[in-house]
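I sat down today to go through this structure and jot down what I looked up. My notes follow the order in which I checked things.

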Amino acid sequence: MKKSTNVSVSVGFSGILAICLLIGGLLKTGEAGAQTFATGKNEFLLNGKPFVIRAAELHYPRIPKAYWEHRIQLCKAMGMNTICIYLFWNLHEQQEGVYDFTGQSDVAEFIKLVQKNGMYCIVRPGPYVCAEWDMGGLPWWLLRKKDIQVRTLSDSLFMQSSRRFISKAGSILAPLQIQNGGNIIMVQVENEYGVWGNDEKYMTAIRDNIRAAGFDKVQLFRCDWSSNFDRYNLPGVASTLNFGAGSDIEKQFQHFRQLNPEAPLMCSEYWTGWFDQWGRPHETRGVNTFIGSLKDMMDRRISFSLYMAHGGTSFGQWSGANAPPYAPTVSSYDYDAPIDESGHPTEKFYAIRELLKNYLNEGEALGEIPKEPIALIEVPAIKFTQAAPLFQNLPKAVASEAIQPMEMFGQGWGDILYRTQLPASAKAGKLQITEVHDWAAVYIDGKFTGKIDRRLHGNTVNIPALPKGAQLDILIATTGRVNYGRAIIDRKGITEKVVLQQEEKTTELRNWKVYNLPVEYPVKNKLKYSAAKVNGPAWYRAVFNLSKIGDTYLDMSHWGKGMVWVNGRSLGRFWRIGPTQTMFVPGTWLKKTGNEIIVLDVEGAKKLAIAGVTKPIYGINLDESLLHRKPGQQLDLSTATPAITGSLPAGGGWKDILLSQPVQGRYFCFEAMNAQNPTDPITSIAEMEVIGMDGKPVSALNWRVLYADSEDITGAGNTADKVFDMQESVIWQTAREGAKAGHPHALVIDMGTSVQVKGFRILPRGDKKETGVVKDYRFYVQEKPFKY
Ligand code: GLA
């Protein structure tokens, strides 16, 4: 039987069924043939009828393939009619010119599964996607080009290779556009470009590349924020906004409505929770605030996509990082989403299902909650009796006169060891490494001498007096590449130089032997294991059997820092600092007998055993404080003179303050004297920028918080560095209790270099709450550090 695209001439049982489904408005997309989806006046139109998109974001590489369909069905049961996905360029093209769209990367199969389950699909091919994914989805090999620029027309390598990728993706996915009988209703152009720039020519080129790739019929769209969507125009492309749980819907769309009075409204990323970063508190977002704004959207018939409906896990090396300040994302992408990391519905899930059953489009029905494909199991402690010390299991060295990052040696991810000889010295000295990306352990003649953690801004290790010919080893462990903002050019290893300061002499070290340890190193090579008593970095190996196969979380809380592989697959990273102390193992990757587990620990374990548990464990374990204030420390502004004092108006949006005359300085202090509500003891700020002489914000890439009198880290990490992280939905908020619970509240920032300051900009919180919104302020700029 020939499948017809014209419903009225379909023959046979499936054709009749398709007609019935269409008539009933129950659009089982696979059988209905070609359809239409477009923007209409204030509504999206599916086959000419108003349609509210209720989408759920899922990421196919973050879900083991065997569980794809279960998670799709859960989304349908939650009340969704659409699944939204990114394409991850660097997953599909791990080596330049070599594409892989098979197996776990078979995105076409994923989209067809969505269609099989009677749902539509939104595809976001990037090329930049953000997503807390290594380099925001851009391939590492771009970084081999020394002066690479991304997300701009000025770099031909970026433009050509991204066009090639999009065209490859189009050749596979364009047949799945809804107009061709598939289920793809929309395709996104780039991602939140308004945060990055306003170059319309660049966005036009990306739009045209997407069209040329075969996405020539489908509705295109873009996503931005309410504060920046107006920075550029992109004709022929629908516009949507992203914002977080508990947002004020009226406020979010106010300006948008004024500029686009007839456009359908959509929140293309409604953040259900948030991601965790190493060494910072576990992030959660409450059910009630989340549901409140979702209901508000439904009452206004605003389309939405839940980011994330189910986050899953950034297996292997895929988790990214934010900056400034450099804050790597953990491997779990649980996200406090309605469906948790192991694929189980949470309280948020049931609340959404309860709500959405009242807002279905004509003919739609709520899906059944599917049976879990596999149960969570406990695994009795697996003991490690074999170890392969890192220094005795190195690959062949590559000689390099100058130090270079790993990309220059053709290495994409993993760890790297740099070795050289040091000159003799009768006195102790210092080693200065510029820059460590991202964590370094320094050894002299095999003895651990010190470490550097990029998160903590250090770059120096003290070294003792040295005999002739001492051997220096610098082992670098990496965390994710920055996936957001201008720091995205984030090469790994040592990026510039290593300088030795000895007896008044400064020497740049050269003649390196470089040992590349890519992620697959311990599973692709035969390491020499022996009895497990090792001091220093090592791979540990064990083999275990299971009485029953199931999903489990490995309890890593006795281990230091590294990566875990099970049956040849990397589960991701662990780090004792937390907040995640467990790692998710999908049962589908396990077998009953002979499971091999390998752990690389670069820091050292307390106990060489790992048990499997049925719930994730969270806990912070830091050498340093999370807070930007030492116990008892008190800022003394008695001799400081404000560059300006004033009063901020109430209400949302950026507020620009210009000084009466520019002030030169490296440090600034913002002091909140009270809040808009006079009885409110709290200060909260979403973002702050310092305006330079050209009227533009000065770069905050090297900013550091030196002092914040109070920070609330109880529910979410509301630390003071959130004022320059460029994430408007996460804020600095002072604590409700403690030594410094009342006004004034002060924040001191070291800008890293002296700046001529013309003024500053401040963005109050954008959610429904009014807590802490600053009224009266004092703003100080100084060349010298402030006094405490
Ligand atoms: C933005 C990006 C997403 C993701 C979220 C935060 O909205 O578009 O890719 O990074 O932030 O989780």
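**Ligand pocket.** I began with the ligand, and found one of its oxygen atoms 2.6 Å from an N or O atom in the side chain of E132. Keep in mind that this is a predicted model, so I am reading computed distances here.

How much of the ligand's own accessible area does the protein cover? I got 99% of the 300 Å² that the ligand has on its own.

Next I looked for other polar partners. An oxygen atom of the ligand sits 2.7 Å from an N or O atom in the Y86 side chain. At A131 the partner is in the backbone: a polar atom there is 2.8 Å from a ligand oxygen.

Then I listed the surroundings. I count 15 residues around the ligand, and the closest are Y86, E132, E192, E269 and Y335. Sorted by class, this shell holds 10 nonpolar, two polar and three charged residues. So E132 and Y86 turn up again, as they are among the closest residues.

**Domains.** I pulled up the domain assignment to see how the chain is divided. Domain 1 runs 51-356, and domain 2 is made of 379-389 + 527-613. Domain 3 covers 394-518, and domain 4 covers 644-782.

I picked domain 2 and domain 3 for a closer look. Their C-alpha centres are 27 Å apart. Domain 2 brings 10 residues to the contact, and domain 3 brings 12 residues.

**The domain 2 and domain 3 interface.** How much area is buried between domain 2 and domain 3? It comes to about 910 Å², with carbon and sulfur atoms giving 64% of that. On the domain 2 side, R573, W575 and V602 lose the most area to domain 3, together 47% of what that side buries.

I also wanted the charged pairs. Which side chains meet in a salt bridge? I found E603 and K451, at 2.8 Å from N to O. One salt bridge is what the rule finds across the interface of domain 2 and domain 3. For polar contact, the rule gives two residue pairs across this interface, both at pLDDT 80 or more. Last, I sorted the domain 2 residues that touch domain 3, and noted six nonpolar, no polar and four charged.

Note on methods:
Residues numbered from 1 in each chain as written. Predicted model: local features only at pLDDT ≥ 70, side-chain atom pairs only at ≥ 80, totals over all residues. Heavy atoms only, no water. Near = heavy atom within 4 Å. Polar contact = N/O pair within 3.5 Å; in protein donor to acceptor, adjacent residues only side chain to side chain. Areas by Shrake-Rupley, 256 points an atom, 1.4 Å probe, with all protein chains shown as cover. Nonpolar A, V, L, I, M, F, W, Y, C, P; charged D, E, K, R; others polar. Domains from an automatic or database assignment. Contact = heavy atoms within 4.5 Å. Buried area = accessible area lost by both parts, 1.4 Å probe. Salt bridge = Lys/Arg side-chain N within 4 Å of Asp/Glu carboxyl O.
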